[in-house]
Amino acid sequence: MPRVSELFFKTAIVFLILGIAAGLQMAISGDHGAFPAHAHINLLGWVTSAIFGGYYALNPQKAGRRIAMIHYGVYNLGLVIMLPALYLMLQGNSALEPVVAVGSLIVAAAVLIFAFVVFSPATVRSVSGVASVSP
């Protein structure tokens, strides 16, 4: 399995555990005010990361490109900024709204990077006409 796939899958599991913990915290406390953060942790952290990992596993030529690791880094940077800030903002700290916005923009940029990966060819033609793997 390509390294970027493995990283996305491992990261997805971490977010699954965090999402379950957030859900348990809400259930135990009876305060469900942070349910949007819980949903974002599960959807963006667990599900979307696993889908990215699956895509790269099915497309190893694209997974081997440097841009795949850039995608991984930018996406997770955005999540690490956005998700805790969103959770705390929903707990009453409205001053964190700009931090949530910055994290969201970073996540959006990472999705655009992924779109570039998906729509780009897996191989490039050299001057000699022989196909080679894209960097």
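The largest pocket in this predicted model is lined by F15, L18, A21, A22, I41, L79, V80, L83, P84 and Y87. Its volume comes out at about 160 Å³. Sort that lining by class and you get ten nonpolar residues, with no polar and no charged ones. Two helices, α1 (3-29) and α4 (66-90), each put in at least two of the lining residues, and α4 gives the most, with five.

So let's stay with α4 for a moment, starting with its length. Its 25 residues, at 1.5 Å a residue, should span 36 Å, and because the C-alpha atoms at its ends sit 36 Å apart, the expected and computed spans agree. Plenty of residue names turn up on its buried list: A68, H71, Y72, Y75, N76, G78, L79, M82, L83, A85, L86 and Y87. What covers them includes α1, α2, α3 (60-63) and α5 (97-119). After α4 comes G92, which has a positive phi, near 120 degrees.

Now hop over to α2 (residues 35-58), where you'll find S49. Is S49 buried or exposed? It counts as buried, because its relative accessibility is 0%, and the cut-off for buried is under 20%. What does its side chain have for polar company? A polar atom of the S49 side chain lies 2.8 Å from the backbone oxygen of G45. Setting aside neighbours within four places in sequence, S49 touches F8, A12, L44, Y75 and L79. Two of those names should ring a bell: Y75 and L79 are among the buried residues of α4, and L79 also lines the largest pocket.

How values were computed:
Residues numbered from 1 in each chain as written. Predicted model: local features only at pLDDT ≥ 70, side-chain atom pairs only at ≥ 80, totals over all residues. Heavy atoms only, no water. 1 Å grid on protein atoms, 1.4 Å probe; cavity = no way out; pocket = protein on both sides within 12 Å on 5 of 7 lines; lining within 4 Å. Points joined across faces, edges and corners; volume = space filled by probe spheres on them. Helix = DSSP H or I, 4+ residues; strand = E, 2+ residues; numbered from the N terminus. Nonpolar A, V, L, I, M, F, W, Y, C, P; charged D, E, K, R; others polar. Buried < 20%, exposed > 50% of the residue type's maximum accessible area, 1.4 Å probe, protein only. Polar contact = N/O pair within 3.5 Å; in protein donor to acceptor, adjacent residues only side chain to side chain. Contact = heavy atoms within 4.5 Å. Expected span 1.5 Å × (residues − 1).
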